[in-house]
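Hi everyone, thanks for making time. I'd like to walk you through a few spots in one structure, so please have the picture open while I talk.

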Amino acid sequence: METAESHALLGALDRFKAAPPDVARYDTDTATAARALRAAPEQVARLAVEGLPHLVDSEHGPLFDYDDLMNVGMFCGTGQTVPELGLRFLMRFAASPRASWFAPRDWEVGVHPSRTAGGEGAEAPGADDGRPAVTVRVPDLTAPGVELLSGGPFDEPLRTSGYEAAVRLTGTEQTVRDPRIHEVWAEVVEALASRRVIYQTVPEPLRADHHRAWELGIADCVVASRLLADRLRAAGLEATARRGYLLGLFGSDHAWCDVVEDGVHKSLDPVFAFVATVGDERGVAESPEFAAACFGSRFNRLLPCRTDSAEPLVYFDGEPAPYWAMVGVGARPRRTA
């Protein structure tokens with residue numbers, strides 16, 4: 001008997017585009033998929049029957065691409081899947097008072113990427129145990145509004161294993177005047193708002209080829225920010241895609257664009273602006289005020305890391321780590337004595 005939850009999961013299949021076969025990684029089994037989707041294993045098996053791309057392993061049965069599963073969860077509308085809950089938690093601050101977006105805020109950050117899909121590998125001793133060697137990007141202490149309170153040193157852009165640090169993030173409220181920036185910004189945000197380009201999870205290899213992703217009609221924060229930076233540079237401006245952690249109940253990989261206007265670095269966040277402009281059935285309310293702040297302002301929940309063009313933050317054996325590695329990234333407001 002088909003339940004409402006099963007119907008919702010199946011209904012998501014027509015709302016996103018599956019990962020192209022040349023970048024898909026079919027390595028997530030039914031049990032793991034069921035946990036991520038808060039669904040029964042038989043409901044996940046039905047997804048395979050109804051056309052969700054997969055491979056069949058003789059021992060483990062259907063194996064799915066994790067990004068495809070995240071998109072099923074994002075678009076199913078049950079309100080209970082991992083990506084839906086994550087988006088609501090991480091965007092909750094948009095509904096808080098405006099001043100709270102910018103005031104100095106102290107955070108305790110722990111970056112200990114999990115080396116196993118179950119998440120129990122965060123404290124693993126080293127690569128000689130058969131698990132991957134971990135390399136992570138460190139906070140960018142040269143970025144405006146970032147102050148290291150404890151931890152480090154962070155002299156190199158990459159370091160082996162993880163780290164813990166306390167940082168003070170100070171936002172700033174500002175906007176953009178240059179008409180060239182306005183034009184490029186409007187093009188990117190409108191493409192997302194009109195659903196001409198679908199906002200969805202994008203595999204890391206396709207993030208690296210962001211022009212292809214955009215042409216395929218899909219984008220996430222990394223794709224949109226890289227594309228925005230490219231177009232701003234083509235218009236004669238100094239711009240770069242940034243990547244770091246959005247801090248809250250847990251740390252989440254996020255990307256945005258940095259543009260220089262009159263010698264001042266200003267942040268452009270097309271994905272946050274899109275979500276706050278249109279809202280959606282995943283529980284994110286519309287907030288025109290927050291969407292406007294995404295056009296130039298810097299928020300006190302974004303910790304930039306040292307990257308040149310929004311490169312991945314975590315690597316396993318020199319390759320971008322799977323999405324589930326982020327289960328080992330955590331952040332919370334710093335406790336005061």
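Okay, find D57, which sits in strand β2, residues 54-57. Keep in mind that what we're looking at is a predicted model. Is D57 buried, exposed or partly exposed? Its relative accessible area is 28%, and since buried means under 20% and exposed means over 50%, D57 comes out as partly exposed. Now look at what its side chain is doing: a polar atom there lies 2.9 Å from the backbone nitrogen of E59. For a sense of scale, hop over to T277. D57 and T277 are 220 residues apart in sequence, and their C-alphas are 43 Å apart in space.

Compare that with another pair, T307 and R137. They are 170 residues apart in sequence, and C-alpha to C-alpha they are 7.6 Å apart. T307 is in the loop between β15 (302-304) and β16 (314-316). It's a loop residue, but T307 counts as buried because its relative accessibility is 12%, and the cut-off for buried is under 20%. So who is around it? Leaving out neighbours within four places in sequence, T307 is in contact with R137, A241, R242, R243 and L313.

Hold on to R243 from that list, because R243 is buried too, with a relative accessible area of 1%. What does R243 pair up with in a salt bridge? One partner is E204, and the closest N and O atoms are 3.0 Å apart. E204 lies in helix α7 and R243 in strand β11 (residues 239-246), so this pair ties together parts that are 39 residues apart in sequence. E204 is buried as well, at 16% relative accessible area.

And the pair isn't on its own. Salt bridges with shared partners join E204, R207, D220, R243 and D253 into one network. Let's zoom in on one member, R207. R207 is in helix α7, residues 204-207, and its relative accessible area is 10%, so R207 is buried. Its side chain makes a polar contact of 2.9 Å with the side chain of E204. Which residues does R207 touch, apart from neighbours within four places in sequence? They are V202, D220, V222, V223, R226, R243 and D253. Notice that D220, R243 and D253 are in that contact list, and they are members of the network as well.

How many salt bridges are there in the whole model? The count comes to 20. Let me show you two others that are worth clicking on.

The side chains of E187 and R231 meet in a salt bridge, 3.6 Å from N to O. This one links distant parts of the chain: E187 is in helix α6 (residues 179-193), R231 is in helix α9 (residues 221-234), and they are 44 residues apart. Both ends are partly exposed here: E187 has 36% relative accessibility, and R231 has a relative accessible area of 30%.

The other salt bridge is between R25 and D27, again with 3.6 Å from N to O. R25 is partly exposed at 43% relative accessibility, and D27 is partly exposed at 44%.

Last topic: some backbone details. Where does the chain have a cis peptide bond? Look at the bond from G152 to P153, where omega is near 0°. P153 is in the loop between β6 (146-151) and β7 (158-160).

Then go along to S161, in the loop between β7 and β8 (163-169). S161 has a positive phi of about 60°, although it is not a glycine. It's partly exposed, with a relative accessible area of 42%.

R195 also has a positive phi, about 65°, and R195 is not a glycine either. You'll find R195 in the loop between α6 and β9 (198-199). At 44% relative accessibility, R195 counts as partly exposed.

If you want to take one picture away, make it the network: E204, R207, D220, R243 and D253, joined by salt bridges that share partners. Among its members, R243 is buried at 1%, R207 is buried at 10% and E204 is buried at 16%. That's it from me, happy to go back to any of these spots.

Key. Residues are numbered from 1 along each chain as its sequence is written. This is a predicted model: local features need pLDDT of at least 70, side-chain atom pairs count only at pLDDT 80 or more; totals for chains, interfaces and linings use all residues. Side-chain values use heavy atoms; hydrogens and water are left out. Helices (H or I, at least four residues) and strands (E, at least two) are DSSP runs, numbered from the N terminus. Buried means under 20% relative accessible area, exposed over 50%, partly exposed in between (1.4 Å probe, protein chains only). Contact means heavy atoms within 4.5 Å. A polar contact is a pair of N or O atoms within 3.5 Å; within protein, one must be able to donate a hydrogen and the other to accept it, and residues adjacent in sequence count only if both atoms are side-chain atoms. A salt bridge is a side-chain nitrogen of Lys or Arg within 4 Å of a carboxyl oxygen of Asp or Glu.
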